[in-house]
Amino acid sequence: MATVLAIETSCDETAVAIVKNREVSSNVVSSQIAVHQQYGGVVPEVASRSHLEVIDGAIAQALAESQLSWADIDGIAATCTPGLVGALLVGLTAGKTLAMLHQKPFLGIHHLEGHLYASYLGEPSLEPPFICLLVSGGHTSLIDVLDSGCYETLGQTRDDAAGEAFDKVARLLKLGYPGGPIIDRLAKSGNPKAFKLPEGKIGLPSGGYHPYDTSFSGLKTAVLRLVEKLKATGEELPVNDIAASFQDTVARALSKRAIAGARDRDRDTIVVGGGVAANSGLRQHLLADAASYNLRVLFPPLKYCTDNAAMIACAAADRLNRGDRSPLTLGAQSRMAL
Ligand code: KG4
Ligand code: ZN
């Protein structure tokens, strides 16, 4: 039973959490969204500086809210990849310093492994094997989780990540940043069948389509062309219908691939992770599709879908229990396969 304090600073949230195996003792998330909103996206240099300003306070708050002391902490973890290097460095350096200072084992955690572990926080009895659909602002991957820490990537996006597609479509509709939650909200009062949009299938040289890979850049361009065509009519843009049709297309594409992965690999559970796991359209689609194949689908609690440190601590606790350690020389990397 390992208790871990983890730090997550890979993008625009400064997050610190304490987790005992799969039970959250504290979960602090300080969001920089308001700072980046004026630029319409995350500015890396601004992100690093903002992390530096709040990280000490976030660590103190996480410890205070958990009502634990350093003596109760078995290990310190920090996200080390993938992400903005300057942003990652702030959390990683803080984590390694705390580990040295308090003489605790240190673990560098892959951000996607964290998103994958978010589901354990809502369903502590979950055990591999299962299929994991990871859909965030930077990644879209379908993974077969063979065992704890043992992953086989079945498919990925060939261009934009699912969350990136939401953000880009929101930008072209001039809806603001981050686009996912805004499109999700507008789609609720739109007609998902109003416009037919391309799902983005990847053709194979041998014929047919790749069963697991996705492509969202064609979909984004199709929305752009649709908006141009509708604007030319001079009528008011049916933004809710466009949002609903776009969201429905993404949800259908992701759901189809996750179901294919589970059936091909004979897994009975699909676990979803990453910011787009919060999407209500994806939730509805996947739950309905999975029910017809008798598959179980687990979505993390909403607060653990988007970036947080509880999911990083949960992944680290599992690694610590298995005897894993990272060297204090570990560096930050912008990209690394899971
Ligand atoms: O996992 P996350 O917090 O950060 C990354 O690791 O990238 O995901 C952020 C992404 C953004 O693109 C955001 O627009 C998207 O998740 N997102 C959503 C929703 N909430 C967040 N996309 C669709 N529907 C949502 N409700
Ligand atoms: Zn993330």
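Where is the place of K174? In this predicted model, select K174 and you will find yourself in the loop between α5 and α6, at a residue that counts as exposed because there are 10 C-beta neighbours inside 10 Å, where 12 or fewer is the cut-off for that class. Look next at the backbone, since K174 has a positive phi of about 55 degrees although it is not a glycine.

Stay in this loop and move on to P178, which lies between α5 (162-172) and α6; the peptide bond that joins Y177 and P178 is cis, with omega about -10 degrees. Both stops are worth a pause, because most residues other than glycine have a negative phi, and most peptide bonds are trans.

From there, step into helix α6 (residues 179-187) and select G180. With 27 C-beta neighbours inside 10 Å, G180 counts as buried, and if residues up to four places away in sequence are left out, G180 touches G163, F166, D167, G275, V276 and N279. G180 is also one of the positions covered by the UniProt annotation "binding site", which comes from an unreviewed entry and also includes D167, D184 and N279.

Which loop holds S136, another position under that annotation? Selecting S136 takes you to the loop between β6 (130-135) and β7 (140-147), where S136 counts as buried because 24 C-beta neighbours fall inside 10 Å. Leaving aside neighbours within four places in sequence, S136 is in contact with H115, A161, G163, G274, G275 and V276; to compare the two stops, display G163, G275 and V276, which are in contact with S136 and with G180.

Now select P82, in the loop between β4 (75-81) and α3 (85-101), and inspect the bond that joins T81 and P82, a cis peptide bond with omega about -20 degrees. P82 is buried, with 21 other C-beta atoms within 10 Å, and beyond residues up to four places away in sequence P82 touches H111, G138, Q333, S334, R335 and M336. Of these, G138 makes a useful second selection: the C-alpha atoms of P82 and G138 are separated by 9.1 Å, although the two residues are 56 residues apart along the chain, and the record places G138 within the "binding site" annotation.

End the tour at N294, in the loop between α9 (280-292) and β10 (296-298). Phi of N294 is near 60 degrees, a positive value in a residue other than glycine, and N294 counts as exposed because it has 7 C-beta neighbours inside 10 Å.

Conventions
Residues are numbered from 1 along each chain as its sequence is written. Chains are lettered from A and ligands numbered from 1 in the order in which they are written. This is a predicted model: local features need pLDDT of at least 70, side-chain atom pairs count only at pLDDT 80 or more; totals for chains, interfaces and linings use all residues. Helices (H or I, at least four residues) and strands (E, at least two) are DSSP runs, numbered from the N terminus. A residue is buried if 20 or more other C-beta atoms lie within 10 Å of its own, exposed if 12 or fewer, and partly exposed in between; C-beta atoms are placed from the backbone. Two residues are in contact if their C-beta atoms, placed from the backbone, lie within 7 Å. UniProt positions are given in the numbering used here, feature names are shortened, and annotations may be inferred rather than shown by experiment.
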